[in-house]
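User: I have a set of short questions about this protein. Please reason briefly and end each reply on the value or name asked for.

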Amino acid sequence: MNNKRKYEVAANENYLMTRHLRLEGAVDKNHQIIAAEIGQLVGVDAVSINVSESLLNISYDASKRQLDEIEEIIRKYECDISHDWWTNFKEGYYKFVDQNVKDNASHEPWSCHKRPPGR
């Protein structure tokens, strides 16, 4: 299933992150409902699950959405992020980057780094 939206209010293109994570569990049984529920979240631009590879592909606005929220939905349907070392490494890195994006999206620049009035 592939849910694709325009860059309306839902996702800011400047903070758009694309993630690829391997899943384990009942992926073949629950992939459609997982993708549908994740696709309804504000800030999610696209989501798909490759069932044959058990791979979650998702694009979301990291200033509005965090990977932990997406993982909660996955776990609700008898699935989880794979526990192999590479997926664990990527998951940790993705969470680190998402937190930086979220923190910097609300950060007010100082001094000459501020945007001019009216821009």
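User: Is Ser54 buried, partly exposed or exposed?
Analyst: In this predicted model, Ser54 lies in the loop between β3 and β4. Its relative accessible area is 21%. Buried would require a value under 20% and exposed one over 50%, so Ser54 is classed as partly exposed.

User: What is the phi of Ser54?
Analyst: Most residues other than glycine have a negative phi. Ser54 is not a glycine, yet its phi is positive. It sits in the turn of the hairpin formed by β3 and β4, which have four residues between them. The phi of Ser54 is about 50 degrees.

User: Which residue in the loop between α2 and β5 has a positive phi?
Analyst: The loop in question runs between α2 (67–76) and β5 (79–81). The residue is not a glycine, and its phi is near 60 degrees. It is Glu78.

User: Which residue in β4 stands opposite Val47?
Analyst: Strand β3 covers residues 44–50, and strand β4 covers residues 55–61. The two pair in the antiparallel sense over six bridges. Opposite Val47 stands Ile58.

User: How many of the seven residues of strand β3 are buried?
Analyst: A residue counts as buried when its relative accessible area is under 20%. Strand β3 is largely enclosed by the rest of the structure, because most of its residues meet that criterion. The number buried is six.

User: Is Asp98 buried or exposed?
Analyst: Asp98 lies in helix α3. Leaving aside neighbours within four places in sequence, its contacts are Met17, Arg19, Tyr60, Ala62, Gln66 and Leu67. Its relative accessibility is 0%, so Asp98 counts as buried.

User: Which residues form a nonpolar patch on the surface?
Analyst: One member, Phe89, belongs to helix α3 (residues 85–105). Phe89 has 51% relative accessibility, so it counts as exposed. The patch has about 440 Å² of accessible area in total. Its members are Trp85, Trp86 and Phe89.

User: In what order do the elements of the protein run?
Analyst: The protein has three helices and five strands. Read from the N terminus on, the order is β-β-α-β-β-α-β-α.

User: What percentage of contacts between residues at least 6 apart in sequence join residues at least 24 apart?
Analyst: The protein has 119 residues, of which 42% are buried. Its accessible surface comes to about 7500 Å², with 51% belonging to carbon and sulfur atoms. For the contacts asked about, the share is 73%.

Note on methods: Residues numbered from 1 in each chain as written. Predicted model: local features only at pLDDT ≥ 70, side-chain atom pairs only at ≥ 80, totals over all residues. Heavy atoms only, no water. Buried < 20%, exposed > 50% of the residue type's maximum accessible area, 1.4 Å probe, protein only. Pairing = 2+ DSSP bridges. Contact = heavy atoms within 4.5 Å. Areas by Shrake-Rupley, 256 points an atom, 1.4 Å probe, with all protein chains shown as cover. Patch = residues over 30% accessible without salt bridge, like charges linked within 9 Å, V, L, I, M, F, W, Y side chains within 5 Å. Salt bridge = Lys/Arg side-chain N within 4 Å of Asp/Glu carboxyl O.
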